Structure formats: C-alpha cells, structure tokens
Amino acid sequence: MSINKAFETNKNTWNQKVAVHAESDFYGVAEFKKGKCSLNKYEITALKNVSGKSVLHLQCHFGQDTLSLARMGAKCTGIDISDEGIKLAEKLNTELNLDANFVCCNVLDTSKHISEKFDIVFTSYGTIGWLPDLKPWAKMISERLKPGGFFYIVEFHPICWMFDYTVSPPVMKYKYHQKDTIYEEYEGTYADKNSKMISKEYGWNHSLGEVITSLSKAGLQIEYLNEHDASPYDIFPGLTKNDEGMFELATKMYPLIFEVKATKKA
C-alpha cells in the first residue's frame, strides 16, 4: 500500500462525506447559517480574542470552524484535501458574506500552496490520524507561523484510537505506539451512522509523545499539554452527558481529549 494511494482513498471518502455531513444534525448547517458558532469551549478558551488576527485552519472539512473564526473577526484561511469540502466552504463563505479564503490541498503540502505566515495555526478533532508521520506536519506548522505566533490543537486522545469501533462492543485492537497503517471499511459516518455510504479509510495512530516531540523539534516551544475526560462530541460508544452538556465515559477510565499549545519564538 502506497501513501499516495491511502491519501487518494481518504480523499474520495471525504468527498462523499461532505454531502452526508451537510445534511446531518451533527453539523447543524441550518443553525450555523443563522449564526450559531461551531467552535467548542476548549478551542474558544484557548484561542481567546482572534479579532484582527490571521488564522490558518488545517483540515477544515467544509469550513464551519474557519467561518466561525471569521465571524469573530479573524482573517482566516482554511485547508482541506477534499475538493467537495472546499467547494461547500466557499459557497458558505459567499452566502454568509464573509471573507475567508480556502485552499484544496493535502495538509502536508500547505507550504507549496501558501507562503503567508499566520498569527495562529489551528486544527481540531480527528485530524492527525490521517497523517502517517507528524514530522513534516510539524515542520509545515513552524514554516507557516509568524515569530511569536502560536499553534493550537485540540484532538481526540490517542487511547481512544486503540479500539476497533467497527465491532460492537468495541475491542482494544491497536497499539498505543502503532506503527502500521490501519485500514477500516464500514457503512455510514460518525455524523450519520444510518447513511448507506461506505467509508474506506487509512489511518495512523500517534502518541502524545510523538505530537509533543515533533512540534518541539520543529522549533516550537510547548506551553501546555492538557488532557480531559469530557468530549464535546458523542462519537464513542457508552458515553454519558455530564452537567455541562459534554460527553464522558461513566468510568472515566481514560481521557477522551487532549490539547496542546505551542509558540514559535519571536
């Protein structure tokens, strides 16, 4: 299996997902168009006041978070491998009379398509698992940050990806330090489990150590690594809603979310 074949397979799957996700309750496009912010408390707290800041949003899907940041006054550019996703993002941008910019490319090739440097580089929820190696990813992030700018990621915890969710109940199947490519094929998507589309996906697991080390070696200074029991998304089996409307394992056996903030030295 070549990496290029894996990327092409994933791109085709995400192109199919766009139409399904745009109609799903999970993404709530109608409410979004009326002004609902798609960002969650972790990223809102971390990014703080983005008004007047330039933001590069990596793996933006069809751009809701990018456009939410634009509504907050940021000058935003969104990147995604799915041309269908970028088409919908551009359509929403025009319809909502915003001024975000969108580029269709593999996130690892971002610096081939964009030379601008940004105050903030941002990515969230289900992004790094599509990348076989985080070293070129981290290098690109450093290239695209202004001196004094920062990178922020909020992502599902790597322990979550040790499970095979194509069976019920889920089985712990994959290693924490998984080196081999993971291929899964299943009906539906996380946003619409009743969809008849077939998701064909190649993925890679990345430990917290790999995330931190790749960013550090790319010249970024780690400000914090936080781990959280609660997820804003009810995408894993057996979660219960807490008093804040977030989702947790009843046992709280392991965290569901981690977040990292890293700064490029001025």
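Hi everyone, let's start inside helix H4, where Gln 64, Asp 65, Thr 66, Leu 67, Ser 68, Leu 69 and Ala 70 are buried. One thing to keep in mind as we go: this is a predicted model.

So what does that list tell us about helix H4? Seven of the eight residues of this helix, which covers residues 64–71, are buried, so H4 is largely enclosed by the rest of the structure. Just after H4 comes Gly 73, and its phi is positive, near 100°.

Let's stay with one residue of that helix, Leu 69. Which residues does Leu 69 touch, once we leave aside its neighbours within four places in sequence? They are Leu 39, Leu 47, Val 50, Val 55, Ala 74, Cys 76 and Phe 122. Leu 69 also turns up when we look at the largest nonpolar core, which has 45 residues. The residues with the most contacts inside that core are Tyr 42, Leu 47, Leu 69, Phe 122, Tyr 152 and Leu 256. Several elements give two or more residues to this core, among them H4, helix H3 (41–47), helix H5 (83–95) and strand E5 (145–156). There is also a second, separate core of 27 residues, and it includes Val 107, Phe 118, Ala 138 and Leu 215.

Leu 215 is a good bridge to my next helix, H8. The buried residues of H8 are Leu 208, Val 211, Ser 214 and Leu 215. How are they arranged around the helix? If you look down the axis of H8, its buried residues fall within an arc of 145°, so they line one face of the helix. And what do these residues pack against? Their partners are helix H7 (134–144), E5, E10 and strand E13 (257–264).

Now look at Lys 217, which is also in helix H8, residues 208–217. Is Lys 217 buried or exposed? Its relative accessibility is 75%, so Lys 217 counts as exposed. To place it in space, take Tyr 174: the two residues are 43 apart along the chain, and their C-alpha atoms are separated by 26 Å. After H8 you reach Gly 219, where phi is positive, near 100°.

Next, the aromatic rings. How many aromatic pairs does the structure hold? There are 20. Let me show you two of them.

One is Tyr 165 with Phe 236, a tilted pair with 5.4 Å from centre to centre and 40° between the planes. Tyr 165 lies in the loop between strand E6 (163–164) and strand E7 (171–172), while Phe 236 lies in the loop between strand E10 (220–228) and strand E11 (239–241), so this pair ties together parts that are 71 residues apart in sequence. With 26% relative accessibility, Tyr 165 counts as partly exposed, whereas Phe 236, at 7%, counts as buried.

The other pair is Tyr 183 with Tyr 202, again tilted, at 4.7 Å centre to centre and 45° between the planes. Here Tyr 183 sits in strand E8 (residues 182–187) and Tyr 202 in strand E9 (residues 198–203), so the pair ties together parts that are 19 residues apart in sequence. Tyr 183 is partly exposed at 36% relative accessibility, and Tyr 202 is buried, with a relative accessible area of 11%.

Rings can have charged company too. The charged end of Lys 17 sits over the ring of Trp 14, 4.0 Å from its centre. Likewise, Lys 261 lies over the face of Phe 150, at 4.4 Å from the ring centre.

Let me come back to Tyr 165 for a moment, through Pro 170. Where is Pro 170? It is in the loop between E6 and E7. Not counting residues up to four places away in sequence, Pro 170 touches Phe 163, Asp 164, Tyr 165 and Pro 237. Pro 170 counts as partly exposed, at 27% relative accessibility. From Pro 170 to Ser 82 the C-alpha distance is 29 Å, and they are 88 residues apart in sequence.

Finally, the cysteines. A disulfide is a covalent bond between the sulfur atoms of two cysteines. How many disulfides does the structure hold? Zero. Take Cys 37: the closest cysteine sulfur belongs to Cys 76, and at 11 Å it is too far for a bond. Cys 37 is partly exposed, with a relative accessible area of 35%, while Cys 160 is buried, at 0%.

That's my tour. Thanks for listening!

Conventions:
Residues numbered from 1 in each chain as written. Predicted model: local features only at pLDDT ≥ 70, side-chain atom pairs only at ≥ 80, totals over all residues. Heavy atoms only, no water. Helix = DSSP H or I, 4+ residues; strand = E, 2+ residues; numbered from the N terminus. Buried < 20%, exposed > 50% of the residue type's maximum accessible area, 1.4 Å probe, protein only. Phe/Tyr/Trp six-rings, centres within 6.5 Å; stacked < 30°, edge-to-face > 60°. Lys NZ or Arg CZ within 6 Å of the ring centre and 35° of its normal. Core = buried A, V, L, I, M, F, W, Y, C linked by side-chain atoms within 4.5 Å. Contact = heavy atoms within 4.5 Å. Arc of directions from axis to C-beta. Disulfide = S-S within 2.5 Å.
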